[in-house]
Amino acid sequence: MKSLKNLNKVFFSIFLITITSCSEVNKSSNISKLEVNTKQDIGLVKFGDTLTKQISFKNTSSNDLIIKRAESSCGCTSVKLKDSIIKPNSNGEIRVSLTPKVENNGVINESIIIEANTKPIFTVIYLKGKVVN
């Protein structure tokens with residue numbers, strides 16, 4: 001009787017391990033890879049002007065890249081995605097517009113944060129430039 005209980009525990013443990021490992025495989029199989037230059041030089045921008053830059057990226061995985069969010073680190077920068085779903089081995093594009101404020105005079109460092117089905121979940125693109133009068 002005791003060995004039957006032990007045998008049931010073993011089978012139950014194997015069952016749980018199998019279910020858990022299958023769900024982990026399914027989770028990791030939806031992971032995509034976003035390839036982008038994470039350090040972007042935006043150059044000079046004149047105070048009062050708006051600088052617009054297109055940032056290209058590529059989905060280098062065999063799964064759809066699903067971008068949930070793309071946001072900037074400050075209110076002077078806006079971000080627009082061309083498409084939120086990028087097919088495998090296809091390119092995507094983010095349009096960044098920067099309108100510097102008075103306090104941005106000199107060197108500026110901003111960032112764009114992308115949340116997607118990647119590992120890690122967040123990709124940060126750093127923008128560096130200089131505001132001139």
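Which strand does Ser-111 lie in? Ser-111 lies in strand β8, and this strand will come up several times below. Here are some notes to help you find your way around.

1. **What you are looking at.** This is a predicted model. The protein has one helix and nine strands. If you read along the sequence, the helix leads and the strands follow, in the pattern α-β-β-β-β-β-β-β-β-β. Of the 133 residues in the protein, 30% are buried. The accessible surface comes to about 8900 Å², and carbon and sulfur atoms hold 55% of that surface. Among contacts with a separation of 6 or more, 65% are between residues 24 or more positions apart.

2. **The five-stranded sheet.** One place to begin is the open sheet with the order β2-β9-β8-β4-β6, where the pairing is mixed. Strands β2 and β6 (85–86) are at its edges; each has a single partner strand, so one side of each has no neighbour in the sheet. Within this sheet, β8 and β9 are paired in the antiparallel sense, over 10 bridges. To see one position along that pairing, look at Val-107, which stands opposite Lys-130 in β9.

3. **The four-stranded sheet.** Another open sheet has four strands, in the order β1-β3-β7-β5, and its pairing is antiparallel. Here the edges are β1 (34–35) and β5 (77–81); each of them has a single partner strand, so one side of each is left without a neighbour in the sheet. β1 pairs with strand β3 (residues 51–59) in the antiparallel sense, over two bridges. For a position to check, Leu-34 has Asn-59 in β3 as its bridge partner.

4. **The nonpolar core.** Which residues touch the most other members of the largest nonpolar core? They are Phe-57, Ile-94, Ile-114 and Ile-125, out of 23 residues in that core. At least two core residues come from each of β2 (39–46), β3, β4 (65–72), β7 (91–98), β8 and β9 (122–132). β8 gives the largest share, with four residues. Ile-125 is a helpful one to click on: leaving aside neighbours within four places in sequence, its contacts include Val-36, Ile-55, Ile-94, Ile-112 and Ile-114. Polar residues are on that list too, among them Asn-37, Thr-38, Gln-40, Glu-110 and Ser-111.

5. **Glu-110 and its surroundings.** Is Glu-110 buried or exposed? With a relative accessible area of 10%, under the 20% cut-off, Glu-110 is buried. Its place is in strand β8 (residues 106–116). The side chains of Glu-110 and Ser-73 are joined by a polar contact of 3.2 Å. Not counting residues up to four places away in sequence, Glu-110 also touches Cys-74, Cys-76, Thr-77, Leu-98, Asn-104, Ile-125, Tyr-126 and Leu-127. Leu-98 is 12 residues from Glu-110 along the chain, and their C-alpha atoms are separated by 9.4 Å.

6. **Back to Ser-111.** This residue counts as buried as well, at 13% relative accessibility. Beyond its neighbours within four places in sequence, Ser-111 is in contact with Glu-71, Ser-72 and Ser-73, and also with Val-124, Ile-125 and Tyr-126. Ser-73, Ile-125 and Tyr-126 are among the residues touched by Glu-110 too.

7. **The cysteines beside Glu-110.** Cys-74 and Cys-76 are both on the contact list of Glu-110. Cys-74 counts as partly exposed, at 22% relative accessibility, whereas Cys-76 counts as buried, at 7%. If you were wondering about cross-links, a disulfide is a covalent bond between the sulfur atoms of two cysteines. A search of the whole structure finds zero disulfides.

8. **Two loop details to check.** Where is Pro-120 found? Pro-120 is in the loop between β8 and β9. A cis peptide bond joins Lys-119 to Pro-120, with omega about 5°. The other detail is Asn-89, in the loop between β6 and β7. Phi of Asn-89 is near 55°, which is a positive value in a residue other than glycine. Asn-89 is exposed, with a relative accessible area of 52%.

Definitions and conventions: Residues numbered from 1 in each chain as written. Predicted model: local features only at pLDDT ≥ 70, side-chain atom pairs only at ≥ 80, totals over all residues. Heavy atoms only, no water. Pairing = 2+ DSSP bridges. Disulfide = S-S within 2.5 Å. Buried < 20%, exposed > 50% of the residue type's maximum accessible area, 1.4 Å probe, protein only. Contact = heavy atoms within 4.5 Å. Polar contact = N/O pair within 3.5 Å; in protein donor to acceptor, adjacent residues only side chain to side chain. Areas by Shrake-Rupley, 256 points an atom, 1.4 Å probe, with all protein chains shown as cover. Core = buried A, V, L, I, M, F, W, Y, C linked by side-chain atoms within 4.5 Å.
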